[in-house]
Amino acid sequence: MAGLSTVAMLTAGCGGGAGAQLSTADDKPAKPDSASISDARKKLAKLDVKGRAPRTGFDRDNFGPAWSDVDHNGCDTRNDILKRDLTDETFKSGTHDCIVLTGTLKDPYSGKTIEFKRGQDTSTAVQIDHLVPLSDAWQKGAQQWSATKRKEFANDPLNLQAVDGPLNGQKSDSDAATWLPPRRSYRCTYVARQIDVKAKYGVWVTSGEKSAMEKILDDC
């Protein structure tokens with residue numbers, strides 16, 4: 001895609017973007033500039049609109065091993081995103097600052113501050129969300145993709161974000177028609193980023209999903 005992505009422009013217009021946090025003093029919807037909203041609308045208008053294909057055959061393994069080191073930097077994708085989105089991180093010794101042990105997340109979906117601690121009983125407090133869920137993509141085009149493209153999609157930082165674990169579970173494989181972050185001031189950035197991801201990979205939208213996205217953009 002030529003020029004700045006919608007997410008990049010929203011960072012300038014809203015004070016939010018990939019991994020960025022917005023003020024929640026009054027939780028009013030952020031007001032990005034008109035150019036970023038226009039960009040999101042143009043991308044949304046170009047997405048194919050179709051019904052969901054059957055979920056038949058969906059399996060997480062269709063998108064490759066979970067959290068592969070696709071960029072070959074020595075760290076798996078989960079730790080890459082934790083390192084990007086958390087602050088005050090500590091790392092396991094001997095891992096070249098790769099395995100995150102602790103850190104602080106300013107959760108974009110709720111506005112809460114969450115203390116992350118790696119461990120069997122604690123790691124799930126912070127989870128890595130696919131903004132466009134893998135199952136959603138599977139039903140909107142990914143069944144026809146190559147294994148390589150599905151693996152890239154599952155590990156693309158544009159489509160990944162550290163978030164509150166329970167909210168990630170609540171979202172599950174919902175699209176924008178059925179789930180939005182409870183933090184209203186983040187919804188514009190959330191939807192614009194979903195549009196960026198879908199435009200990048202050619203994932204289609206349903207009519208209800210497109211309407212919900214248009215409504216959010218109208219309120220930005």
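## Tour of salt bridges and aromatic pairs

Start by selecting lysine 200, which counts as partly exposed at 42% relative accessibility. The model is predicted.

Next, add aspartate 156. It forms a salt bridge with lysine 200, and the closest N and O atoms are 2.6 Å apart. Colour by secondary structure to place the two ends: lysine 200 sits in helix H7, while aspartate 156 is in the loop between H5 and strand S5 (160–164), 44 residues away in sequence. Aspartate 156 has a relative accessible area of 8%; being under 20%, this value makes the residue buried.

Stay on helix H7 and select lysine 198 with aspartate 136. These two form a salt bridge whose closest N and O atoms are 3.1 Å apart. Lysine 198 belongs to helix H7 and aspartate 136 to helix H4 (residues 134–138), so this salt bridge ties together parts 62 residues apart in sequence. Are the two partners buried or exposed? Lysine 198 is buried, at a relative accessible area of 1%. Aspartate 136 is also buried, with 1% relative accessibility.

Move on to aspartate 175 and lysine 140. Their salt bridge has its closest N and O atoms 2.9 Å apart. Aspartate 175 lies in the loop between H6 and H7, and lysine 140 in the loop between H4 and helix H5 (147–154); the separation is 35 residues. Both aspartate 175 and lysine 140 are buried.

Now select Arg52, Asp136, Lys140, Asp175, Lys198 and Glu209 together. Salt bridges with shared partners join these residues into one network. The structure as a whole holds 16 salt bridges.

Clear the selection and turn to the aromatic rings. How many aromatic pairs does a search of the whole structure find? The search finds eleven. One to display is tyrosine 109 with tyrosine 186: the ring centres are 6.2 Å apart and the planes meet at 55 degrees, so the pair is tilted. The cut-offs behind that label are under 30 degrees for stacked and over 60 for edge-to-face.

Trace the backbone to find where each tyrosine sits. Tyrosine 109 is in the loop between strand S2 (100–106) and strand S3 (113–117), and tyrosine 186 is in the loop between helix H6 (165–171) and helix H7 (187–201). The pair links distant parts of the chain, 77 residues apart. Both tyrosines, 109 and 186, are buried.

For the last stop, select Phe58, Phe63, Trp138, Trp145, Phe153 and Tyr201, which form one aromatic cluster.

Notes:
Residues are numbered from 1 along each chain as its sequence is written. This is a predicted model: local features need pLDDT of at least 70, side-chain atom pairs count only at pLDDT 80 or more; totals for chains, interfaces and linings use all residues. Side-chain values use heavy atoms; hydrogens and water are left out. Rings of Phe, Tyr and Trp (its six-membered ring) pair if their centres lie within 6.5 Å; planes under 30 degrees apart count as stacked, over 60 as edge-to-face and the rest as tilted. Helices (H or I, at least four residues) and strands (E, at least two) are DSSP runs, numbered from the N terminus. Buried means under 20% relative accessible area, exposed over 50%, partly exposed in between (1.4 Å probe, protein chains only). A salt bridge is a side-chain nitrogen of Lys or Arg within 4 Å of a carboxyl oxygen of Asp or Glu.
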